[in-house]
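Ready for some practice in reading a protein model? Work through each exercise with the structure in view, and try it yourself before you read the solution.

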Amino acid sequence: MDNEIEKASLYDVTALTSLEKLEPVRVRPGMYIGSTGSKGLHHCIWEILDNAIDEISNGFGDKAVITLNKDKSVTVEDNGRGIPTGIHPVKKKSGVEMVFTELHTGGKFNNSIYKTSGGLHGVGASVVNALSEWLEVEVKQNGKIYRQRFEYAYDKHLKKKMPGTAVTKLEAIGSSKETGTKVTFMPDKEVFSIVDFKFDIIDERLQELAFQNKGITLKLIDNRKEETIEKEYHSERGLLDFIDYLNESKTVIHNPPILFEGEREINGINMYGEICMQFTDSTTEYIASYVNNIPTTESGTHETGFKTGMTRAFKEWTKKLNLLKEKDIEFEGDDLREGMTAIVRIKLSNPIFEGQTKTKLGNNEAYTMMNDLAYTKLSEWIEDNKETASLIINNALDAAGRREKIKKINEAEKKKIGKGAAPLAGKIAVCTLKDSSIAEFIVVEGDSAGGSAKQARDRRFQTIMPSKGKIMNTEKQKLENVLSSEELKIFNTAIGTGVLDNYKEEDLKYDKIIIMSDADKLLSPMQVIA
């Protein structure tokens, strides 16, 4: 045992391991695609698709097609310039083989080939190759069609099985007057927990890309079932079509939407920003933000800059229009954005993303650009649309007032903690056992049903709450109204979780919450709890 401990604690040069070629991707796939679940699986498509969209958005080509094949492989094809097929003077390999077998290889490390691009690190294509059982690429270029195949196969030089191994040379297989790239890959079942591409996920991404790149055509073909499904995506109005799509189930409070754009260079970085926004009667905000066509789901400096500039413009005009009364509470950014739908996109050279999956932008220049753009353009818009702007500002002031009410309710709830729950005697029949793993909370309609339920229940683990009248529909109610409902106060007190900042799911007193009221008298448990 002592020898084993001594051996395990020994750390010298013999303990170091060097991974070859694409092995690092295979060993730590999460570093490159985020996960080996569904999100990472679809990220492989995005990596190849982003290369196609980079070609299109830089003016080379206008079409891309994704095909889901019967054998579970995926094909992504575009009509761009095609990956370079020539032999590199130093590497002595074709451009195609370099792109798919070497990390950090590509034409996007400077701005001479692409003004803006989603791909930055030169690893996307090679990462997809590394995580695939096999990958085939066809390139139309110079009047010819070239093809090369890669597999997770034995490497005769390294004398071991290696990911992304070229099993054929790049060879001409035909002729064509067109240009473009076609990539087909089979995700490796040894890497991914499940290989099942979701039509809806790809459909949503292609729809977003079509809205962002007006005039282009994208297509999704699903050949996995007996009947082929085909869907085409095209937009002539760009973000205006996008915001109509996002707000189609909402009631908008102004038309047309607010749309503006601008260009700027800061610290040698060229940037183009575009924002489309519209306010609705919803109580929530929705912001879709993008950098070089890539969705930044964790926001970033471009989105923060937009929010700051927007708030600054509306606050200044609140004073100019004398809309802030003495009794009013000044609104904050969150209040102003209540009910807002916005699309925030920026194109820039040399973006700094946080991680390979590119979900958050870090450029300070993008913050400055979008802050100034939002402030300047919205100030101009408010001056020309004072009536609509006043409506938006008054809604923000109302939201600020509600926020203050909720804050007071939350503070009152905090004071109750430790003083015991509000008395429930006579309102509900509480079970005798305190074991939350078996306890049931049953809501019935009215005292009559309550009496019957109390007689029929097992008092050891079943609690009965008779509802009085029609319980509030919380879906479209203001939060302060929900918190003021007496019936919901009783409900919340009884189940024990608390509300708002005091909410603790682990304090839930019941394993099951059972609703036994008519559908028109009570909502589902999740709606009531919400």
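**Exercise 1. Find out whether Arg237 is buried, partly exposed or exposed, and which residue Arg237 forms a salt bridge with.**

Keep in mind as you go that this is a predicted model.

Step 1. Arg237 has a relative accessible area of 41%. Buried would need a value under 20%, and exposed a value over 50%. Arg237 is therefore partly exposed.

Step 2. Now look for the partner: Arg237 forms a salt bridge with Asp241. The closest N and O atoms of this pair are 2.6 Å apart.

**Exercise 2. Explain why the salt bridge of Lys315 and Glu330 ties together separate parts of the chain.**

Step 1. Start with the contact: the side chains of Lys315 and Glu330 meet in a salt bridge, with 3.8 Å from N to O. That lies within the 4 Å cut-off for a salt bridge.

Step 2. Place both residues. Lys315 belongs to helix H9 (residues 301-320), while Glu330 is in the loop between H9 and helix H10 (333-336), so the pair connects parts that are 15 residues apart in sequence.

Step 3. Check the surroundings. Lys315 is partly exposed at 27% relative accessible area, and Glu330 is partly exposed at 41%.

Step 4. Salt bridges can also share partners: Asp196, Lys198, Asp222 and Arg224 are joined in this way into one network.

**Exercise 3. Work out which parts of the structure Arg26 brings together, and whether Arg26 and Asp188 are buried or exposed.**

Step 1. The structure holds 29 salt bridges, and one of them is formed by Arg26 with Asp188. Here the closest N and O atoms are 2.5 Å apart.

Step 2. Arg26 lies in helix H2 (residues 23-27), and Asp188 in the loop between strand E7 (180-187) and helix H7 (199-212). The pair therefore ties together parts that are 162 residues apart in sequence.

Step 3. Arg26 has a relative accessible area of 16%, so Arg26 is buried. Asp188, at 4%, counts as buried too.

Step 4. Arg26 has another contact to find: its charged end sits over the ring of Tyr152, 3.9 Å from the ring centre. You can look for a similar arrangement where the charged end of Arg205 sits over the ring of Trp46, 4.7 Å from its centre.

**Exercise 4. Trace the cluster of rings that includes Phe211, and say which residues belong to it.**

Step 1. A search of the whole structure finds 6 aromatic pairs. Among them is the pair of Phe211 and Tyr245, which is tilted, with 5.4 Å from centre to centre and 50 degrees between the planes.

Step 2. Phe211 lies in helix H7 and Tyr245 in helix H8 (residues 239-246), so this pair links parts that are 34 residues apart in sequence. Phe211 is buried at 8% relative accessibility, whereas Tyr245 is partly exposed at 36%.

Step 3. Turn to Phe242 and Tyr290. Their ring centres are 6.2 Å apart and their planes stand at 45 degrees, so this pair is tilted as well. Phe242 is in helix H8 and Tyr290 in strand E12 (residues 286-291), 48 residues apart. Both Phe242 and Tyr290 are buried.

Step 4. Put the pieces together: ring pairs link Phe211, Phe242, Tyr245 and Tyr290 into a cluster.

**Exercise 5. Describe the surroundings of strand E3 and identify strands that pair with E3.**

Step 1. Of the 10 residues of strand E3 (residues 132-141), 7 are buried, so E3 is largely enclosed by the rest of the structure.

Step 2. E3 runs antiparallel to E7, and 8 bridges join them. Within this pairing, Glu136 stands opposite Thr184 in E7.

Step 3. E3 also pairs with strand E4 (residues 144-155) in the antiparallel sense, over 8 bridges. Here the bridge partner of Lys140 is Ile145 in E4.

Step 4. Look at the turn: E3 and E4 form a hairpin with 2 residues between them. Asn142 in this turn has a positive phi of about 55 degrees.

**Exercise 6. Give the strand order of the sheet that contains E15, and explain why E16 and E17 are edge strands.**

Step 1. The sheet is open and has 3 strands in the order E16-E15-E17, with parallel pairing.

Step 2. Strand E16 (462-467) and strand E17 (512-516) each have a single partner strand, so one side of each is left without a neighbour in the sheet.

Step 3. From one strand to the next, the twist averages 20 degrees.

Definitions and conventions. Residues are numbered from 1 along each chain as its sequence is written. This is a predicted model: local features need pLDDT of at least 70, side-chain atom pairs count only at pLDDT 80 or more; totals for chains, interfaces and linings use all residues. Side-chain values use heavy atoms; hydrogens and water are left out. Two strands pair if DSSP finds at least two bridges between them. Helices (H or I, at least four residues) and strands (E, at least two) are DSSP runs, numbered from the N terminus. Axes are lines fitted to C-alpha atoms, for helices over the stretch in contact, and angles run from 0 to 180 degrees between N-to-C directions. Buried means under 20% relative accessible area, exposed over 50%, partly exposed in between (1.4 Å probe, protein chains only). Rings of Phe, Tyr and Trp (its six-membered ring) pair if their centres lie within 6.5 Å; planes under 30 degrees apart count as stacked, over 60 as edge-to-face and the rest as tilted. A charge sits over a ring if NZ of Lys or CZ of Arg is within 6 Å of the ring centre and within 35 degrees of the ring normal.
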